Amino acid sequence: MAKKSNRREWTAQDVRELKSLARQKTPASRIARALKRTEGATRQKALTLQVSLNSRPGKRKKPK
């Protein structure tokens, strides 16, 4: 039998930490672990807050 999930509200501290880690380009999986939440829940909250979790370094085009 699967474990029943226990939903927790997002506190102001959780949101601050999510935004801070996202600004540092921390991968979503690591942010989720730090917040003790699933990666899906973390990505969904970032989406509603309009916070980018894109941790890939930007590609730079070589000038011609």
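In what order do the elements of the protein chain run from the N terminus on?

## The overall layout

They run α-α-α. This is a predicted model, and the secondary structure of the protein chain comes to 3 helices and 0 strands. The helices are α1 (12-23) and α2 (28-35), followed by α3 (39-49).

The protein chain has 64 residues, and 23% of them count as buried. Now take the contacts in the protein chain with a separation of 6 or more: 55% of these join residues 24 or more positions apart. One pair to look up in the model is alanine 41 and arginine 7, which sit 34 residues apart along the chain and have their C-alpha atoms separated by 10.0 Å. Alanine 41 belongs to helix α3 and is partly exposed, at a relative accessible area of 31%.

## How α2 meets α3

The axes of α2 and α3 are 8 Å apart, and the two helices pack at an angle of about 100 degrees. That makes α2 and α3 roughly perpendicular to each other, because angles of 65 to 115 degrees count that way. On the α2 side, the contact is made by Ala28, Ser29, Ile31 and Ala32, while α3 brings in Glu39, Thr42 and Arg43. Sorted by class, this contact of α2 with α3 has 3 nonpolar, 2 polar and 2 charged residues.

Is threonine 42 buried or exposed? Threonine 42, a residue of helix α3, is buried, with a relative accessible area of 0%. Setting aside neighbours within four places in sequence, threonine 42 is in contact with Trp10, Leu18, Ile31, Ala32, Arg37 and Leu53.

## The nonpolar core

Which residues make up the largest nonpolar core? There are 9 of them: Leu18, Leu21, Ala22, Ala28, Ile31, Leu35, Ala46, Val51 and Leu53. The elements giving two or more residues to this core are α1 and α2.

Valine 51 is one of the core residues. If you skip residues up to four places away in sequence, valine 51 touches Lys19, Ala22 and Ala46. Ala22 and Ala46 are also on the core list.

## The loop between α1 and α2

Threonine 26 lies in the loop between α1 and α2. Even with that loop address, threonine 26 is buried, because its relative accessible area is 11% and the cut-off for buried is under 20%. A polar atom of the threonine 26 side chain lies 3.0 Å from the backbone oxygen of leucine 21. Not counting residues up to four places away in sequence, threonine 26 touches Leu21, Ile31 and Ser55. Leu21 and Ile31 are both members of the largest nonpolar core.

Lysine 25 is in this loop as well. Its phi is near 60 degrees, which is a positive value in a residue other than glycine. For background, most residues other than glycine have a negative phi.

## The loop between α2 and α3

Where is lysine 36? Look in the loop between α2 and α3. Lysine 36 is not a glycine, yet it has a positive phi of about 55 degrees. Lysine 36 counts as exposed because its relative accessibility is 69%, and exposed means over 50%.

Definitions and conventions: Residues numbered from 1 in each chain as written. Predicted model: local features only at pLDDT ≥ 70, side-chain atom pairs only at ≥ 80, totals over all residues. Heavy atoms only, no water. Helix = DSSP H or I, 4+ residues; strand = E, 2+ residues; numbered from the N terminus. Buried < 20%, exposed > 50% of the residue type's maximum accessible area, 1.4 Å probe, protein only. Axes fitted to C-alpha atoms, helices over the stretch in contact; angles between N-to-C directions. Parallel < 35°, antiparallel > 145°, perpendicular 65-115°, else oblique. Contact = heavy atoms within 4.5 Å. Nonpolar A, V, L, I, M, F, W, Y, C, P; charged D, E, K, R; others polar. Core = buried A, V, L, I, M, F, W, Y, C linked by side-chain atoms within 4.5 Å. Polar contact = N/O pair within 3.5 Å; in protein donor to acceptor, adjacent residues only side chain to side chain.
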